[in-house]
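These exercises walk through one part of the structure shown below. Try each task before reading its solution.

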Amino acid sequence: MRIWCSLLLCFLGIPFLAEAQMNPVKFERYTLSNGLKVILHEDHSTPIVVVSVLYHVGSKNENPERTGFAHFFEHLLFEGSENVPRGQFDKYMSNAGANNNAFTSQDKTYYYEVLPSNQVPLALWLESERMLHAKVETKGIETQRQVVKEERRMRIDNQPYQRFQEEIPARLFKAHPYRWPIIGSMAHLDNATESDYVNFYKDFYVPDNAVLTIAGDFNPAQLKPMIEKYFATIPKSKKPIYRPNIVEPPLGRELRDTFYDKVQLPAVFMAYRTPAQSDPDFYALEMLNRLLSGGQSSRINRSLVDEKQLALDALSFSYPLEQPGALIVLGISNLGVDPAKLQEALDIEIEKVKTTLVPELEFQKLRNQLEAELVDDNSALEGIALNLANFEVLFGDANLINTNINRYLKVTREDLQRVAKKYLDKNNRVLLYWLPEQKQ
């Protein structure tokens, strides 16, 4: 079963990436003549290999009148190719004792296979077929349109509060393509022609817009000729790859709104603009987010759920994006609790981090938790493959897999207070009351 990430699930699930000081991740990086970047991490501890391709295309690369294409192609490119019959991609994998999956975000689309090491040629062939010979035709398009519509009904329309994936970005961003959701508009997908889909494929599924990462049990001397065989002859893009360069103007004031939904309990969403994940302040904000909502003992949960019992659930989560992102704080009211009272309690917790330094003991606990998670994140081949690809594509430096932890460890208690004051400002947020339809 494919993993189709919602905004919330994708970003709650995105791992931190780090340096394991005792076991640094060794890798080799090179580029083919057509621009395809290749990263190899050799590990003979188990007879397993992860083969992945990350394309530098997400929902932000879409035409505003044709949203949802990046996510749609995540589905479509399992349909088959000139040399892979429709519906056979997953069968090839299962017959080889392998599993495979994919996901899409605002910035990227990622495909991967985990398979026995003697089946690497199969994965390379299938990924090269996806890159060069994918079937972008009416039958597959119509099939996947229905799949995406059902996914939307299942994951967004019929799930309480999940419409936030549309309602928050649309208010938080007015100019930037982050303003529409990853799943996009069903009307846009319906109205698109076959040529629209073909052009999107030609524009973004090209070798110079991708990184091939292979991690696991392989012999580089044998693997490199295979990579050359399957990928080197794929033509590079004939034109510059579209990269949006849109500066979103500051909010300048608090934007308040109310949304009515088929829910039983009111909720309060506070969405703050934050800088791109390459910005130095990003690391302090990620630590601040964990301070507020990193587990059952975190500040928001302890105060609003356990102590004051105002909220059924309360948390925060961030969107680490290539361009300006967001940090969202939210609470779902307990029965009979006025959402205004819930908002007040959330604001109190936010004000605390602005006015008072985090106690040293609490800060050290936060650092310890973070270090443990960062090191653990590179304990599996799947994580290593994704992390190498992420850092190479989004930062231009795959070696951040070994050094990125230092950026977190440089964050001080004063930095947490500073970024809280700078970004968790009421004039830099959308405040959205999520109320039951019967209240309308």
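**Exercise 1: the sheet**

In this predicted model, five strands form an open sheet with mixed pairing, in the order S7-S11-S8-S10-S9. Task: state which strands stand at the edges and why one side of each is left without a neighbour.

Solution. Step 1: the edge strands are S7 and S9. Step 2: each has a single partner strand, so one of its sides has no neighbour in the sheet. Step 3: on average, neighbouring strands of this sheet are turned by 15° against each other, direction ignored. Step 4: helix H10 packs on the sheet and touches S8, S9 and S10, and its direction makes about 170° with that of S9.

**Exercise 2: strand S11**

Task: find how S11 pairs with S7 and with S8, and whether its residues are buried or exposed.

Solution. Step 1: S7 (residues 255-261) and S11 run parallel, joined by seven bridges. Leucine 255 stands opposite valine 430, and tyrosine 260 opposite leucine 435. Step 2: S8 (residues 267-274) pairs with S11 in the antiparallel sense, over six bridges. Here alanine 267 has tryptophan 434 as its bridge partner. Step 3: eight of the eight residues of S11 (residues 429-436) are buried, that is, under 20% relative accessible area.

**Exercise 3: helix H11**

Task: list the buried residues of H11 (residues 299-307) and the elements they pack against.

Solution. Step 1: the buried residues are Arg299, Ile300, Asn301, Ser303, Leu304 and Val305. Step 2: they pack against helices H10, H12 and H13 and strands S9 and S10. Step 3: after H11 comes glutamine 309, with a positive phi near 55°.

Technical notes:
Residues are numbered from 1 along each chain as its sequence is written. This is a predicted model: local features need pLDDT of at least 70, side-chain atom pairs count only at pLDDT 80 or more; totals for chains, interfaces and linings use all residues. Side-chain values use heavy atoms; hydrogens and water are left out. Buried means under 20% relative accessible area, exposed over 50%, partly exposed in between (1.4 Å probe, protein chains only). Helices (H or I, at least four residues) and strands (E, at least two) are DSSP runs, numbered from the N terminus. Two strands pair if DSSP finds at least two bridges between them. Contact means heavy atoms within 4.5 Å. Axes are lines fitted to C-alpha atoms, for helices over the stretch in contact, and angles run from 0 to 180 degrees between N-to-C directions.
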